[in-house]
Amino acid sequence: MKTSRRDLWQMVALTFAGTVLRIADLTGRSMWVDEGITLTRVFGSWPDMFRNIVILQGIHTVDLHPWFYFALTKLWGMAGGDYEFVLKLIPAFASLLLIPATYALAHQMFGRRAAYIAALLALTSPAYQWYGHELRMYPLVALLAVLSGYLVFRRVNAKRTSSALWVFWIAVSSVSVLTHYSLVVVAGAQMLFVLVIVLRSHPRVTRREMIMLAGFLATVIGAGIMIGVASDVRLRISQFLSGLSTFQLDWLHPAAIIYNVVNTMLFGMNASDPTNGPFIWFVVAVIAAGLALPLNAADQTGKRKSTSRQRLFIVMLSVLPIGLVSVLTLTIEHQPSFRYSIAVVPMLQVMLAQVFSTALSFRPHLLDTLHTWRPRLSTILKGLGIIAAGTVFAAQFFGLAFTFIRTPSWQDDWRGMAQYIRNNWQDGDVVIINLLTPYDALKYYLGDLPVQIVPEATIPLDDAARKQFLSDYRRVWYVNAGGDMPYADTGAGRLLAPINRRLLIHFPSQTNILALMLFDLTSPFPVALPPAARVIQANPSGAADPQMVAYELMPGNPYNEHPNARLSLYWRRPTGSFSPSAYSLAVRFVDTQHQDWADWFMPANLVDDPKEWSADQLLRVDYIIPLPLGLPRQKYQLELTLTKGDKAEVVRSVSDSLDLSQVDCCVRIIRWTAAGSPASVQTTVWHAAGADVSAVEFPTTIYPGKVLPVILTWQLTRRPSSDWQTVLHLDGLLGGMVVEAASPTGTREPPLSSWPVGQPMRSIHALQLPYTIQPGFYRLSLTREFTGGQHTDGFLLGIVQVQDYPPSPVAQNIPVAVHGSAGDLTLLGYSLNQPFVRNATLQFELYWKVQMQPKGDGVLFLHVMDPHGVMVAQDDNPPEQGARSTLTYRPGDGINQIYRLVIPAGAPGGTYTLYAGVYDRLTKERWPAQQNGKPAKDELLYLGTLNLPDLPRKYHNYIPMVMRGH
């Protein structure tokens, strides 16, 4: 069939749309483990690449995948640069070419209409979109399967002999078997199809073509024998055969394989069938009907031979590869994987396109035996075809959208982990990675950070060698893909077990648990203060809380993407018992005009266990202080405030003047001139009467209920005649104000009378977003209102995107199960991983699940009742310790709420009862509660009881104490 100019332009339009789609957010996802192996092979030597040798942490392994894709990527990187965007252009381009290639195959088999539908299916395929953004060979696998299938089918149906088609097919097949082992199965199925057609239909195949095909087959067999002689390949073959010997047919579930292939083809890698099965089987039934009904109907019109070949070709190029590849993956990985079956997706798309096309063009005269029912049946079949096509395309659009949605398991976030290490790196740091960590991917994201990456397998097991290793470093970052601690029998496990762990952070992951740990090799308990430390005056309030003894200000991490300073605080332990997690630290830089230039609040991070810190020891804790852009060289006051508890009760506040040497060393930012005076900003954001706004700083994305900070850098061009009030407001794109914040001059910033003309001055503002704000884009604008109502002016600062909170997973493996509900929340249970004792901070964790969209702003509480029914402890907080509101949760989300309670020292022994519930933050009314199908008394959910040992005899009196009230 010939392609008209109109068809060509329509294909160009579809390909252009595919280009925009495939390039959009190309590097949005972080590279994961398999992509790290791609980098290892690409950055490795050519001999190792051709031999499929992969060296992981000094261990030589053999990769399953042949070398062609990696060689192509290496050559492309040598030409265009080893940039992530450049390297990912190869899979993106292959995913793009699948659109015209699928069109060509469907056009050759079923005509123009089916070709258009198949091209649209390829364009909107979430599987192609996902793998087109991944540094792996799978889009190329599907493309080679389409090209080789097109060449085979066109040659078999050609009216004249054409050796050129066989030459092209041999070339594509040769590249295929060097790209992925699943394509060996596809090439074998194509050769089997040609053999069946030759034996059944005797098409025109010349002797030269037969010799050519036989020679190619002999070459493939000979190459397989030569490769099998290699020792490493023989080892793989023996392992594979041993797997076959233990392979059991009951592992092979055809239903699961079909569901896996079709589900991922339609919904991609980040979504699944919302019906949890029925829709997938509906699509399978449509494909089966396409193999039976439409082709049989076409057989009645005299095209039996052609449609018979089509049916045979589809079956052999889809069913056979799915079955064989599933058996191979089961013996190798013990689970069938879709990425190994992606070669059959184009054929399934062509099959669906043929079904939809046949239903839309169904002719009644094909069913003459039905007489009067022909028109009605034709209408019914067309309607069913339209419904089926619409649902399939709707499923693909659903899956396509989810390829861009960052769910908690969207991808392994090695980029985020590397960025965290960069932002918190210090001299003397080393990074240790375990075997599942992609070395080259992590190193790629660390960039020019001068840090050594040590594979876990190279750490010595000998004690003396480990001590020598530790002597070279100050801190250890341990990267673990698979758990929270290294295995005890490894070199890293023995190395890090006795060292104090200062940090544990989990990053989003799709495969393994990504954990980052920081171990401090230097003792956090110095013998004496360093000479550069500035001593803080003694605390006049006594020793009931940790004491700030001295501080040291040093240059921060130069590889952090934001300006920062490093603050080391030296602490003295309180005399009595205390809870380290209850303390927080506030750090402020204030100039002589009392203007805030930095204001940061963080946990004090004292110690994990108070027993580690003795009364005669100093404790050193390091903090990285983020600084705003453009701090000028001037005197500052460093204000340190120690707070305690959820209500941030101030324990100690100290202030110290920073001299210019400290400012020059650690605070001043290089964006100002070397002489120290503020430089005139060349680019003006907004030019107004008497003043320019030369810089605007605000986050472009934010969650509902959060505070939106805005920092403006003003520059007076002349002395203003009157003061003004700065008003910031957030509006919808189409109008409608959401929130407004007014800041008269002279409140947070100095009065206008003190602003120097021609020098930058900063003003800091904050907008409190409501929890009920809808996700979307909003306009952030500024308005100046002059005193006396003279006039106003303003301009658009920028666009802010309000993002919905990511889904919160529901807790699994709950230690103590509870069944109850409060309002729209269901209580699943709780945990307490410590003894129930007096005078200690007990950390409970309650697990909730959101059943329906909460209609109120709820506070989640936990009450502890003594044996006499008197409440002795309680903790009330909105979700995530006040950081969120119940209004921001969606049905199906989980809420893991932490409660910290202290049982009074004089509490009597006996059985204590736990109750939980929710009350409205504004009205204080408790949400209706139910338990075991009945209304709960006083809207309290019963959790269970805990036993408290009896007091020693010296305790006689007890007064109930309530820690927190409504």
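Here is a short conversation about a predicted model and the terms used to describe it.

Visitor: What does the protein chain contain in terms of secondary structure?

Guide: The predicted model has 23 helices and 34 strands in its protein chain. Of the 966 residues, 50% are buried, and the accessible surface comes to about 44,800 Å², with 60% of that belonging to carbon and sulfur atoms.

Visitor: Why is I799 called partly exposed?

Guide: Its relative accessible area is 38%. Buried would need a value under 20% and exposed one over 50%, so I799, at 38%, counts as partly exposed. You will find I799 in strand β24, residues 792-802.

Visitor: What makes I799 eligible for a nonpolar surface patch?

Guide: Patch residues need over 30% relative accessible area, and Ile is on the list of nonpolar side chains. I799 has 38%, so it passes that cut-off. The patch is formed by L733, L734, F777, L796 and I799, which together have about 550 Å² of accessible area.

Visitor: Why do K924 and N932 get different exposure labels?

Guide: K924 has 40% relative accessibility, which lies between 20% and 50%, so K924 is partly exposed. N932 has 68%, which is over 50%, so N932 is exposed. K924 sits in the loop between β31 (910-920) and β32 (929-931), while N932 belongs to the loop between β32 and β33 (934-935).

Visitor: What is notable about phi in K924 and in N932?

Guide: Phi is near 65° for K924, a positive value in a residue other than glycine. N932 is not a glycine either, and its phi is positive at about 60°. For background, most residues other than glycine have a negative phi.

Visitor: How do you know that β5 and β7 pair?

Guide: Two strands pair if there are at least two bridges between them. Strand β5 (residues 475-481) and strand β7 (residues 514-520) have seven, so they meet the condition, and their sense is antiparallel. In one of these bridges, V479 has L516 of β7 as its partner.

Visitor: What makes β4 and β6 edge strands?

Guide: The open sheet has five strands in the order β4-β3-β5-β7-β6, with mixed pairing. Both β4 (452-455) and β6 (501-507) pair on one side only. From one strand to the next, the twist averages 20°.

Visitor: Which helix lies across this part of the structure?

Guide: Helix α19 (residues 414-424) lies across β3 (429-433), β5, β6 and β7, and runs at about 175° to β5.

How values were computed: Residues numbered from 1 in each chain as written. Predicted model: local features only at pLDDT ≥ 70, side-chain atom pairs only at ≥ 80, totals over all residues. Heavy atoms only, no water. Patch = residues over 30% accessible without salt bridge, like charges linked within 9 Å, V, L, I, M, F, W, Y side chains within 5 Å. Areas by Shrake-Rupley, 256 points an atom, 1.4 Å probe, with all protein chains shown as cover. Salt bridge = Lys/Arg side-chain N within 4 Å of Asp/Glu carboxyl O. Helix = DSSP H or I, 4+ residues; strand = E, 2+ residues; numbered from the N terminus. Buried < 20%, exposed > 50% of the residue type's maximum accessible area, 1.4 Å probe, protein only. Axes fitted to C-alpha atoms, helices over the stretch in contact; angles between N-to-C directions. Contact = heavy atoms within 4.5 Å.
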